[in-house]
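Hi,

Here is the structure I promised to pass on. Have a look at it first, and then read my notes underneath.

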Amino acid sequence: RIDVIAQQLDEAKYQDTRSIEQELAIRFLDVYKKALKKSQVTTKELVLIQAFVQKYQILKERQKVFDNRDPAVRREVCYDKLRLPFAIAAVNYSNIVFISSEENQQARSSITEFCGKFLGHTFFSALTEKNIDNQAVAESDAETVSGERIFSNTDALDDIFMENIPNFALPTQWKIAGATQAVRTVPGLLYESHKPFFRNKKRWSRQLHSLEVARSLNHWGVWKQVASGENPFVLIFEDSVELSKPGLCDIGHAFVKLQKNVKFEWDIAYIDIDMFLADELQDKATLDRLGLDWSVAGFYYGAHAYALTKTGAKKLLDGGLDRCLIPVDEYISYMINPRLHPRREYFKETCEFNMNEKIVALRWRGTNPVASFVNDIDDIEFLNDDLEMQEIELSEFLHANDRNPQDECDDETTM
């Protein structure tokens with residue numbers, strides 16, 4: 001049961017609804033009370049309870065930087081099966097790019113079938129970790145690795161990468177200790193937790209991986225195409241994203257309204273509503289202009305699904321990701337709001353990104369167009385987090401949590 005709850009907790013999305021907050025409190029108290037009835041608790045139980053505490057505290061912090069207005073009013077025409085094809089056709093989608101390896105024909109076939117004739121799309125031929133030299137990536141922790149060493153086989157590279165090989169470079173000392181302040185600090189909230197924030201530990205307490213390098217290069221390549229293309233903005237998806245047609249229809253009409261009526265200058269718009277951590281503080285004039293469809297994003301991880309304008313693509317390119325190939329999610333979030341990134345000092349000193357132009361990011365607040373997303377980065381076994389079922393004294397458990405057990409059991413509203 002502990003393992004099941006832990007898995008559910010890890011999969012919980014930070015959408016900051018009261019139901020999630022209450023559920024965490026109930027689960028925490030349930031496990032905690034059961035632990036108190038025993039003379040000993042396992043390390044797994046201890047770690048689980050600490051994780052509940054951390055997630056609950058993070059949710060409380062997010063309430064302070066969360067656009068908690070009513071959700072966007074969905075366009076009912078997009079959710080009527082009979083009218084949906086016509087509603088999608090009215091958007092005139094011709095600007096969707098899927099980042100997909102030519103080897104992944106199964107994904108490409110599924111995407112083509114899904115898009116049909118109303119969702120105009122193209123494929124960007126993605127690099128995979130097979131194109132990246134694993135040894136060179138491993139050595140980057142100790143020294144700067146230049147572009148000539150990054151690729152395992154330059155003969156297989158497209159011109160968009162070949163022309164820029166001399167400019168590519170990997171950063172040094174990406175890996176940081178798991179107990180440092182940066183790892184304990186929640187991105188976007190700058191809340192310093194009592195234990196490492198799970199995503200930070202998973203992504204930063206290790207060396208870069210070739211899959212991350214390939215992913216950053218792929219997005220950089222798409223930005224080059226967007227910057228030189230004709231579309232004012234492009235929707236960018238990784239091929240592991242499963243999309244919803246009603247959601248695409250809804251956000252498509254919102255984009256039309258944003259471009260023609262609102263005329264709000266933006267650079268990037270995050271599409272997956274479940275992936276953000278903080279909103280930017282917004283004045284009433286901005287809120288009135290954007291309506292309920294959009295918020296100005298403060299910090300966001302969501303490079304698997306976003307829209308990018310020509311101007312935004314040029315800003316991201318000018319920032320210098322190619323000269324310091326950190327993971328693309330970290331790069332975009334830092335470029336949008338460097339103050340809210342726990343590793344801002346590292347990026348400033350090691351990468352020296354060009355921060356001359358402000359990048360304006362929006363967050364979609366309507367129905368999620370992303371039905372599901374498989375994160376290959378998190379599937380990689382970087383860390384061995386398996387905990388032995390080692391018995392520890394209850395006194396140690398209580399000391400670690402610094403709580404009075406009777407207080408916790410007497411009042412279920414303590415959380």
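Below is what I found, going from the whole chain to single side chains.

First, keep in mind that this is a predicted model. The protein chain has 415 residues, and 52% of them count as buried. In terms of secondary structure, there are 19 helices and 16 strands. Among contacts with a separation of 6 or more, 79% are between residues 24 or more positions apart. The accessible surface is about 19,700 Å², with 48% of that belonging to carbon and sulfur atoms.

Helix 14 is worth a click. The helix covers residues 310-319, and its buried residues are Gly-312, Ala-313, Lys-315, Leu-316, Leu-317 and Gly-319. Yes, there is a lysine in that buried list. What do these residues pack against? Their partners are helix 11 (210-228), strand 13 (305-309) and helix 15 (328-336). Just after helix 14 comes Gly-320, with a positive phi of about 105 degrees.

Now the charges. The structure holds 18 salt bridges, and the one I would show you first joins Asp-293 and Arg-75, at 2.9 Å from N to O. Asp-293 sits in the loop between helix 13 (284-290) and strand 12 (294-300), while Arg-75 is in the loop between helix 3 (43-62) and helix 4 (84-91), so this pair ties together parts that are 218 residues apart in sequence. Are the two residues buried or exposed? Both Asp-293 and Arg-75 are buried.

Two other pairs have some accessible area. Lys-64 meets Glu-61 in a salt bridge of 3.3 Å, N to O. Here Lys-64 is exposed at 60% relative accessible area, whereas Glu-61 is partly exposed at 22%. Arg-83 and Asp-80 form another salt bridge, with their closest N and O atoms 3.4 Å apart. Arg-83 counts as partly exposed at 42% relative accessibility, and so does Asp-80 at 28%.

There is also a network of salt bridges, which links Asp-67, Arg-69 and Arg-365.

Last, the surface. Glu-102, Asp-158, Asp-159 and Glu-163 form a negative patch there. Of these, Asp-159 is in helix 8, which spans residues 159-162. Asp-159 has a relative accessible area of 56%, so it counts as exposed, the cut-off being over 50%.

If you open just two views, I would pick the buried pair Asp-293 and Arg-75 and the packing around helix 14.

Cheers

How values were computed
Residues are numbered from 1 along each chain as its sequence is written. This is a predicted model: local features need pLDDT of at least 70, side-chain atom pairs count only at pLDDT 80 or more; totals for chains, interfaces and linings use all residues. Side-chain values use heavy atoms; hydrogens and water are left out. Helices (H or I, at least four residues) and strands (E, at least two) are DSSP runs, numbered from the N terminus. Buried means under 20% relative accessible area, exposed over 50%, partly exposed in between (1.4 Å probe, protein chains only). Contact means heavy atoms within 4.5 Å. Accessible areas come from the Shrake-Rupley method with a 1.4 Å probe; for residues, only the protein chains shown count as cover. Patches are made of residues with over 30% relative accessible area and no salt bridge: like charges are joined within 9 Å, nonpolar side chains (Val, Leu, Ile, Met, Phe, Trp, Tyr) within 5 Å. A salt bridge is a side-chain nitrogen of Lys or Arg within 4 Å of a carboxyl oxygen of Asp or Glu. Lys and Arg count as positive and Asp and Glu as negative; His and the chain ends are not counted. The place of a charge is taken as NZ of Lys, CZ of Arg, CG of Asp or CD of Glu.
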